[in-house]
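Q: Can you walk me through this structure? I have the sequence and the model open and would like to know what to look at.

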Amino acid sequence: DQESEDDLSASRTSLERQSPHRGNTTVHVCWHRNTSVSMIDFSIAVENQLSGNLLRKFKNSNGWQKLWVVFTNFCMFFYKSHQDNHPLASLPLLGYSLTIPSESENIHKDFVFKLHFKSHVYYFRAESEYTFER
């Protein structure tokens, strides 16, 4: 199992020219995670895309990294800024759960959400309530 922080795999191709052999294509992720996507969910995903700044918590530290994030086709793509043509990394989200961190996780910031799948955990923080709700 090659998943790790890991899961945020480096990506060298642009979103417009994705190779069919990339490890984060919907088909590959469905197979790898033993899941499927309904046609209705796929249709909704294709019609709904988001982009904007998010802060990502560094593992085992109090630091946060500001990234431009594009959410499309069941995947988050991470860029240094909105002007970049190629993502720094990507995170296929099929199988992940979205929750709010518990008090015991000691993340005392507003607008934080947690993505987790098996032992993989990521914390993201929005800059406003509006962005958090989106």
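**Burial, pocket and rings**

A: Start with burial: this is a predicted model, and 37% of the protein's 134 residues count as buried.

Q: How many helices and strands does the protein have?

A: There are three helices and eight strands. Read from the N terminus, the order of the elements is β-α-α-β-β-β-β-β-β-β-α.

Q: And how much surface does the protein expose?

A: About 8800 Å², with carbon and sulfur atoms supplying 50% of it.

Q: What about contacts in the protein between residues 24 or more positions apart?

A: Those make up 43% of the contacts that have a separation of 6 or more.

Q: Switching to pockets. What volume does the largest pocket have?

A: Its volume is about 590 Å³. The lining has 22 residues, and the closest to the pocket centre are Leu 50, Leu 54, Phe 71, Phe 113 and Arg 134.

Q: Which elements supply at least two residues of that lining?

A: Strands E2 (50-57), E3 (64-72), E6 (97-99) and E7 (112-117) do, and so does helix H3 (129-133). E2 gives the most, with five residues.

Q: How do the lining residues divide into nonpolar, polar and charged?

A: The lining of the largest pocket has 13 nonpolar residues, six polar ones and three charged ones.

Q: OK, aromatics now. How many aromatic pairs are in the whole structure?

A: A search finds six. One of them is Tyr 96 with Tyr 122, a tilted pair at 6.1 Å centre to centre with 35° between the planes.

Q: Where in the chain are Tyr 96 and Tyr 122?

A: Tyr 96 is in the loop between strand E5 (89-92) and E6, while Tyr 122 is in strand E8 (residues 120-125). They are 26 residues apart, and the pair links distant parts of the chain.

Q: Are those two tyrosines buried or exposed?

A: Tyr 96 and Tyr 122 are both buried.

Q: Why is the pair of Phe 113 and Phe 132 called tilted?

A: Because the planes of the two rings are at 50°, and an angle that is neither under 30 degrees nor over 60 counts as tilted. The ring centres are 6.5 Å apart. Phe 113 is in strand E7 and Phe 132 in helix H3, 19 residues apart, so this pair too links distant parts of the chain.

Q: How do Phe 113 and Phe 132 compare in accessibility?

A: Phe 113 has 13% relative accessibility, so it counts as buried. Phe 132 has 24%, so it counts as partly exposed. The cut-off for buried is under 20%.

Q: Which residues do ring pairs link into a cluster?

A: Phe 78, Phe 111, Phe 113, Phe 124 and Phe 132.

Technical notes: Residues numbered from 1 in each chain as written. Predicted model: local features only at pLDDT ≥ 70, side-chain atom pairs only at ≥ 80, totals over all residues. Heavy atoms only, no water. 1 Å grid on protein atoms, 1.4 Å probe; cavity = no way out; pocket = protein on both sides within 12 Å on 5 of 7 lines; lining within 4 Å. Points joined across faces, edges and corners; volume = space filled by probe spheres on them. Helix = DSSP H or I, 4+ residues; strand = E, 2+ residues; numbered from the N terminus. Nonpolar A, V, L, I, M, F, W, Y, C, P; charged D, E, K, R; others polar. Buried < 20%, exposed > 50% of the residue type's maximum accessible area, 1.4 Å probe, protein only. Contact = heavy atoms within 4.5 Å. Areas by Shrake-Rupley, 256 points an atom, 1.4 Å probe, with all protein chains shown as cover.
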